[in-house]
Amino acid sequence: FMETEKALVKVERRSGGAIVVVTLNRPQHLNAVNESLCRELARVFAHLRQDKDVRAVILTGAGKAFCAGADLNSPPDAVLQATDSTDALQSNPVHQISLCPV
């Protein structure tokens, strides 16, 4: 994974890559989910489900909160609202997490 200091989702591998810690990284917003975070989280889990070395994934949040829920200051997120198209499912983190075998 390529990530920067300002990455919305940080990925850390432990125990030789068998354990992966996925961190929501919007602590200034209590890790509230906006469209960008939603898409990035879906991308990360889509990748992790293909990685045969991963045995466990820990989902956590940076700062003092795990996740405040939807970011109500962002426009409504079409990704979370759409459920019928293949593209919408690929961008939906809940769908991607549900497909992850670990």
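This section describes the fold, core, largest pocket and selected residues of a predicted model.

The protein chain holds 102 residues, and 35% of them are buried. Its secondary structure amounts to 4 helices and 3 strands. In sequence order, these elements follow the pattern β-β-α-β-α-α-α. Contacts between residues at least 6 apart in sequence were examined for their span. Of these contacts, 64% link residues at least 24 apart. The exposed surface of the chain comes to about 6300 Å². Carbon and sulfur atoms account for 54% of that surface.

The largest nonpolar core has 12 residues. Its members are V9, V11, V20, V22, L24, L37, L41, V44, F45, L48, V54 and C100. Three elements give two or more residues each to this core: β1 (9-14), β2 (19-24) and α1 (35-48). Helix α1 supplies the largest share, with 5 residues.

The largest pocket encloses about 170 Å³ of space. It is lined by 12 residues, and those closest to its centre are V33, L41, C67, P93 and V94. L41 also belongs to the largest nonpolar core. The lining is made up of 11 nonpolar residues and 1 polar residue, with no charged residue. Helix α4 (residues 93-99) gives the largest share of the lining, 3 residues.

P93 is one of the residues closest to the pocket centre. It is located in helix α4. Its relative accessibility is 7%, so P93 counts as buried, the limit being under 20%. P93 also has a partner that is distant in sequence. R43 is 50 residues away along the chain, yet the C-alpha atoms of P93 and R43 are 7.7 Å apart. R43 falls within the residue range of α1, 35-48.

A second long-range pair starts from helix α1, where E40 is placed. The relative accessible area of E40 is 22%, so this residue is partly exposed rather than buried, a class that ends at 20%. E40 and S91 are 51 residues apart along the chain. Their C-alpha atoms are separated by 8.2 Å.

The loop between β2 and α1 contains both N25 and N31. N25 has a relative accessibility of 15% and therefore counts as buried. The C-alpha atoms of N25 and C67 lie 9.7 Å apart, with their positions 42 residues apart in sequence numbering. C67 is also among the residues closest to the centre of the largest pocket. N31 is buried too, with a relative accessible area of 0%. The backbone of N31 is notable for its phi, which is positive and near 60° in a residue other than glycine.

S15 also has a positive phi, of about 50°, although it is not a glycine. This residue is found in the loop between β1 and β2. Its relative accessibility is 57%, which is over 50%, so S15 counts as exposed. N31, by contrast, is buried.

The loop between β3 (56-61) and α2 (78-81) contains S74. At 23% relative accessibility, S74 counts as partly exposed. S74 and N34 are 40 residues apart in sequence. In space, their C-alpha atoms are 6.3 Å apart.

Taken by element, helix α1 gives the largest share of the nonpolar core, and E40 lies in this helix. Helix α4 gives the largest share of the pocket lining, and P93 is placed there. The two residues with positive phi lie in loops: S15 between β1 and β2, and N31 between β2 and α1.

Terms used
Residues are numbered from 1 along each chain as its sequence is written. This is a predicted model: local features need pLDDT of at least 70, side-chain atom pairs count only at pLDDT 80 or more; totals for chains, interfaces and linings use all residues. Side-chain values use heavy atoms; hydrogens and water are left out. On a 1 Å grid over the protein atoms alone, a cavity is a set of points where a 1.4 Å probe fits but cannot get out, and a pocket is an open set with protein on both sides within 12 Å along at least five of seven lines; lining residues have an atom within 4 Å of a point. Grid points are joined across faces, edges and corners, and a volume is the space filled by probe spheres set on the points. Ala, Val, Leu, Ile, Met, Phe, Trp, Tyr, Cys and Pro count as nonpolar, Asp, Glu, Lys and Arg as charged, and the others, Gly among them, as polar. Buried means under 20% relative accessible area, exposed over 50%, partly exposed in between (1.4 Å probe, protein chains only). Contact means heavy atoms within 4.5 Å. Accessible areas come from the Shrake-Rupley method with a 1.4 Å probe; for residues, only the protein chains shown count as cover. A nonpolar core is a set of buried Ala, Val, Leu, Ile, Met, Phe, Trp, Tyr and Cys residues joined through side-chain atoms within 4.5 Å.
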